[in-house]
Amino acid sequence: MSEHPFETAGQQHQRRSWAEPWKIKVVEPLRVTSPAERQRALAEAGYNTFLLRSEDVYIDLLTDSGTSAMSDRQWAGMMLGDEAYAGSDNFYHLEAAVREHYSYKWVVPTHQGRGAEHLISRAAIEPGQFVPGNMYFTTTRLHQELAGGTFVDVIIDAAHDATNRHPFKGNIDLAKLEALIRREGAAKVAYVSLAATVNMAGGQPVSMENVRSVRALCDRYGVRLYLDATRAVENAFFIQEREPGYANMAVKAILHEFCSHTDGAWMSAKKDSLVNIGGWLAVNDADLFEQLGNMAVVYEGLHTYGGMAGRDMEALAIGITESVQDDYIRARIGQVRYLGEILTGWGIPIVEPVGGHAIFLDAKRFYPSITQDQFPAQTLAAQLYLDSGVRSMERGVVSAGRDPATGDHRYPKLELTRLTIPRRVYTQAHMDVVAESVRAVWETRDGTEGLRMVFEPRYLRFFQARFEPA
Ligand SMILES: Cc1ncc(COP(=O)(O)O)c(C=O)c1O
């Protein structure tokens with residue numbers, strides 16, 4: 001704690017304070033619940049924060065997906081929705097924004113990220129092929145597996161260690177990638193699946209140097225490189241902040257350069273792009289684009305709306321432009337970091353360095369005596385909700401699911417509870433309330449008991465599984 005109780009956050013870090021580059025025009029009331037109400041709600045939800053009703057939640061840090069506050073410009077843009085079935089004006093605005101900021105030539109709109117993952121996985125993976133990537137993501141890996149592929153983790157080892165302070169923990173380990181290509185042969189590698197930033201590692205970035213080297217390696221073996229661009233703007237901010245040579249380059253220019261090293265990307269626009277729904281898939285190969293556009297009409301909607309309304313595409317086109325502004329992205333990541341700095345200052349174990357979209361509590365260090373079979377991160381999310389009504393989510397053994405070959409739980413090294421910060425939604429005071437709740441749970445952690453799973457769905461179990469106290 002500061003020895004000067006009246007210092008601002010900036011003063012505590014020996015700098016001038018900065019603030020969000022926007023002011024609030026519309027507000028939404030929040031409801032504070034009693035401990036008894038929360039106990040009942042959590043039991044009804046099977047101790048799974050995904051199954052809580054949002055009216056029972058006070059500060060909602062379940063996800064940053066689709067939870068952003070849109071700007072007045074985006075809401076105004078929604079009134080310009082051209083709801084023509086085919087060739088909507090808004091699609092062409094979206095296409096232009098993706099081309100300008102993400103560099104790709106051909107754009108297929110999709111209803112959200114997993115719609116795009118479905119299309120690229122079916123188009124680019126042949127059964128029996130391998131898909132190397134920088135740590136799995138739940139929906140991404142599932143679509144790769146459903147297309148007959150096998151995901152292989154080729155992220156650097158530092159990413160699996162919550163305490164390792166490597167500045168680019170999302171990097172691909174080039175030796176691991178090359179060893180896989182040599183062992184299996186380039187023809188058995190569908191493509192390299194690169195995520196920026198890496199969600200499951202704690203929102204950790206990939207350096208420009210790394211994407212350049214991966215590109216060169218892929219070129220040597222004739223392997224394609226596709227990007228999960230869901231949080232690539234946040235990744236660009238970290239490159240500007242940490243990588244030599246980029247301090248004076250605008251985030252939007254860094255983003256463009258980063259994407260230009262890849263052959264295409266899929267996008268959950270519900271994150272970086274400041275909208276509540278939407279996604280896209282974009283590639284440079286015209287033949288692949290034809291194929292993807294044709295699949296879009298089967299699974300998503302026409303190739304000029306892909307499951308989105310015209311108004312959604314307009315909000316998205318405007319959101320892309322707002323998301324790449326330097327002052328916006330600094331404030332966004334600054335807020336996440338503010339919460340992280342309070343927690344580390346109190347000695348509470350989190351993934352370090354703090355990443356782009358969330359604080360990840362290290363549940364193994366909260367509850368060293370709860371084994372992964374009793375779901376420490378799920379337990380921690382439940383305890384946090386009981387304490388204050390703050391909703392977080394599990395990113396550990398439940399999210400990792402089962403190995404399709406053996407049917408056993410996959411036991412990830414990282415057992416984390418994610419406090420995900422929606423964009424432009426909460427204030428610094430909300431972050432203080434969250435920090436105090438985490439501290440209360442930390443200070444009363446001794447004697448906490450784990451959970452047992454009493455219902456397990458087949459796919460993406462973390463969304464719908466139910467638990468009881470062990
Ligand atoms: C890194 C990453 N990729 C893909 C997705 C899937 O996107 P969506 O939730 O829009 O289907 C998500 C979102 O959960 C994500 O975080």
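## Serine 392 and its surroundings

Serine 392 sits in the loop that connects helix 15 (376–388) with strand 9 (393–395), in a model that is predicted. Because the relative accessible area of serine 392 is 0%, and buried means under 20%, this residue counts as buried. When its neighbours within four places in sequence are left aside, serine 392 is in contact with Thr49, Leu61, Leu62, Ala381, Leu384, Thr417, Arg418 and Leu419.

## Leucine 339 in helix 13

Leucine 339 belongs to helix 13, which covers residues 326–345, and with a relative accessible area of 0% leucine 339 is buried. Apart from neighbours within four places in sequence, the residues in contact with leucine 339 are Ile359, Leu419, Ile421, Met431, Val434 and Ala435. Leu419 is thus listed among the contacts of leucine 339, and Leu419 is also listed among those of serine 392. Lysine 188, by contrast, is separated from leucine 339 by 151 residues in sequence and by 44 Å in space, taken from C-alpha to C-alpha.

## The ligand and its shell

The ligand is surrounded by 13 residues, and the closest are Gln112, Arg114, Asp228, Ser268 and Lys271. By type, the residues of this shell divide into six charged, six polar and one nonpolar. Helix 5, which spans residues 113–124, gives the most to the shell, with three residues.

Several short distances show how the protein meets the oxygen atoms of the ligand. In the side chain of serine 268, an N or O atom lies 2.6 Å from an oxygen atom of the ligand, while a polar side-chain atom of arginine 114 is 2.7 Å from a ligand oxygen atom. Glycine 113 takes part through its backbone, where a polar atom is 2.8 Å from an oxygen atom of the ligand. The ligand taken alone exposes 390 Å², and the protein buries 94% of that area.

## Strand 7 and its partners

Strand 7 (residues 279–283) is largely enclosed by the rest of the structure, because five of its five residues are buried. In a regular strand, side chains alternate between the two faces of the sheet. In strand 7 both faces are covered, since Gly279, Leu281 and Val283 are buried on one side and Trp280 and Ala282 are buried on the other.

Strand 7 pairs with strand 1 (residues 106–110) in the antiparallel sense, over five bridges, and within strand 7 it is tryptophan 280 that stands opposite proline 109. Strand 6 (residues 264–268) also runs antiparallel to strand 7, and five bridges join the two. Here serine 268 stands opposite glycine 279 of strand 7, and serine 268 is also one of the closest residues to the ligand.

## Helix 6 and threonine 139

Helix 6 is largely enclosed by the rest of the structure, because seven of its nine residues are buried. The buried residues are Thr138, Thr139, Thr140, Arg141, Leu142, His143 and Gln144. Just after helix 6, glycine 148 takes a positive phi of about 95°.

Threonine 139 lies within helix 6, which runs over residues 138–146, and at 7% relative accessibility threonine 139 counts as buried. The side chain of threonine 139 is joined to the side chain of glutamate 117 by a polar contact of 2.9 Å. Leaving aside neighbours within four places in sequence, threonine 139 is in contact with Arg114, Glu117 and Leu460; Arg114 is also among the closest residues to the ligand.

## Less common backbone geometry

Most residues other than glycine have a negative phi, and most peptide bonds are trans. Leucine 274, in the loop between strand 6 and strand 7, has a positive phi of about 65° although it is not a glycine, and at 0% relative accessibility leucine 274 counts as buried. Leucine 460, in the loop between strand 11 (451–455) and strand 12 (466–469), also has a positive phi, near 45°, but at 21% relative accessibility leucine 460 counts as partly exposed.

Cis peptide bonds appear as well. One runs from alanine 196 to threonine 197, with omega near -20°, and threonine 197 lies in the loop between strand 4 (192–195) and helix 8 (208–221). Another joins glutamate 352 and proline 353, with omega of about -5°, and proline 353 is in the loop between helix 13 and strand 8 (358–362).

Definitions and conventions. Residues numbered from 1 in each chain as written. Predicted model: local features only at pLDDT ≥ 70, side-chain atom pairs only at ≥ 80, totals over all residues. Heavy atoms only, no water. Near = heavy atom within 4 Å. Polar contact = N/O pair within 3.5 Å; in protein donor to acceptor, adjacent residues only side chain to side chain. Areas by Shrake-Rupley, 256 points an atom, 1.4 Å probe, with all protein chains shown as cover. Helix = DSSP H or I, 4+ residues; strand = E, 2+ residues; numbered from the N terminus. Nonpolar A, V, L, I, M, F, W, Y, C, P; charged D, E, K, R; others polar. Buried < 20%, exposed > 50% of the residue type's maximum accessible area, 1.4 Å probe, protein only. Contact = heavy atoms within 4.5 Å. Pairing = 2+ DSSP bridges.
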